[in-house]
Amino acid sequence: MPQTALITGITGQDGSYLCELLLSKGYCVHGSTRSAESESLNHLKAGLNKARLPEDPLDSVLKIHQLDFARDEATSEFLDKHKIDEIYHLAGQTRVGDSFDHPTATFNANVKPTLALLEAIRASSRSQSIRFFQASSAEIFGGTEESPQSESTQYAPRSPYAASKVAAQSLVESYREAYGLFVCSGILYNHESPRRSAEFVSGKIVDAAARIALGEEHKLVLGNFETGRDWGFAGDYVEAMWMMLQHEAPKDYVIATGEWHSLREFLEIAFQTVGLDWQDYTTSDPKFFRPVEPTRLVGDPTRIKTDLGWQPQTTFAEMIEAMVKQRIVQRRSESE
Ligand SMILES: C[C@H]1O[C@H](OP(=O)(O)OP(=O)(O)OC[C@H]2O[C@@H](n3cnc4c(=O)[nH]c(N)nc43)[C@H](O)[C@@H]2O)[C@@H](O)[C@@H](O)C1=O
């Protein structure tokens, strides 16, 4: 019997990479999304049709649903009806900056569905055989003095987004301990790809570098330059999510490269890819500043390397170059 997975937030960056990975491994995938007719869903299907997939027609191995996680009973029935083996809970409000303006919506989007899914697993007749992954975030360590951060670093959230992730991760921990369920969280550091939108700094930079190179734009206005992150490639990180659910025991893992890079380095590589100097085009505007920034976020991936043999495959520079090149191809095809 093929394995059956549910991916919440399947049309997002991580959802689409994970969907490709699971289909390539012969899984039957159920995806949930807010709108069954969205443009992002069409993009997902178009991308999957191009990707290398098993022989089966797409509709027989990929099914999209609009699920209401607030109705626990219905979610539990769904898990039983479709005999879901693995759940990858990736849906949520992921923009840290926006969470300062919309704290309640952020909590509702990130905490309630996690709890509803945990309750649905507990109520399911197959509760002991379902495996659950929750996408947690490096932001839970935002205020820590410890560097690099590992699974034993104390939580120190510094934004409503970070606090919502602490709540979700704590719920996962307590369901694991109280009910012996196979439920775990991946503490994901920043991870980017050509599919990243311009709402995030990486997507905004590569978009601007491509547009400036093509003569469509002349400047890039960012917020705070004096920052940096541990940036990895999303395609590598979904592999780590899958490996976590194949392990013999449910454990939380830091998913990170272990390398910190400044935003200036990111800018330098992105603009160099199109033969330009970022300093000629980039300015900073306080209107894009956040009320508070995390301290130096860099993850220690030792545990996941040792236990699961996971290693990031794509370097920082390779990832940025691929993002810029893809954006140029996309801009050209859109203007045709
Ligand atoms: C781990 C974590 O990773 C991501 O959250 P993020 O780190 O906030 O990502 P970002 O790309 O929005 O910001 C990175 C840095 O870049 C600075 N920055 C400067 N100028 C602009 C600017 O113009 N736009 C943005 N967005 N950021 C800017 C900004 O102030 C910040 O210091 C999410 O996946 C999240 O879901 C998650 O869990």
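**Chatting about the ligand shell and the core**

Me: Which helix gives the most to the shell around the ligand?
Reply: That's H9, with 3 residues. Keep in mind that this is a predicted model.

Me: Which helices each supply at least two residues of that shell?
Reply: Helix H5 (96-101) and helix H9 (201-213) each do.

Me: OK, and how many residues surround the ligand, and which are closest?
Reply: There are 22 around the ligand, and Thr94, Val96, Ser137, Phe200 and Gly223 are the closest.

Me: How do the shell residues divide into nonpolar, polar and charged?
Reply: You get 9 nonpolar, 8 polar and 5 charged.

Me: Which domains does the shell draw at least three residues from?
Reply: Domain 1 (4-191 + 232-255) and domain 2 (197-229 + 260-296 + 315-335) each provide at least three.

Me: Switching to the largest nonpolar core: which residues touch the most other members?
Reply: Ile7, Cys19, Val29, Ile205, Ala209, Ile255 and Ala270 do, out of 88 residues in that core. Domain 1 and domain 2 each contribute at least three residues to this core.

Me: What is Val29 in contact with, leaving aside neighbours within four places in sequence?
Reply: Its contacts are Ala5, Ile7, Cys19, Leu22, Leu23, Val61 and Leu62.

Me: Last topic, helix H10. Which of its residues are buried?
Reply: Ala234, Gly235, Tyr237, Val238, Ala240, Met241, Met244 and Leu245 are buried in H10.

Me: And how far apart are the end C-alpha atoms of H10?
Reply: They are 19 Å apart. That agrees with the expected span, because 13 residues (234-246) at 1.5 Å a residue should cover 18 Å.

Methods
Residues numbered from 1 in each chain as written. Predicted model: local features only at pLDDT ≥ 70, side-chain atom pairs only at ≥ 80, totals over all residues. Core = buried A, V, L, I, M, F, W, Y, C linked by C-beta atoms within 7 Å. Buried ≥ 20, exposed ≤ 12 C-beta atoms within 10 Å, placed from the backbone. Domains from an automatic or database assignment. Contact = placed C-beta atoms within 7 Å. Helix = DSSP H or I, 4+ residues; strand = E, 2+ residues; numbered from the N terminus. Expected span 1.5 Å × (residues − 1). Near = placed C-beta within 6 Å. Nonpolar A, V, L, I, M, F, W, Y, C, P; charged D, E, K, R; others polar.
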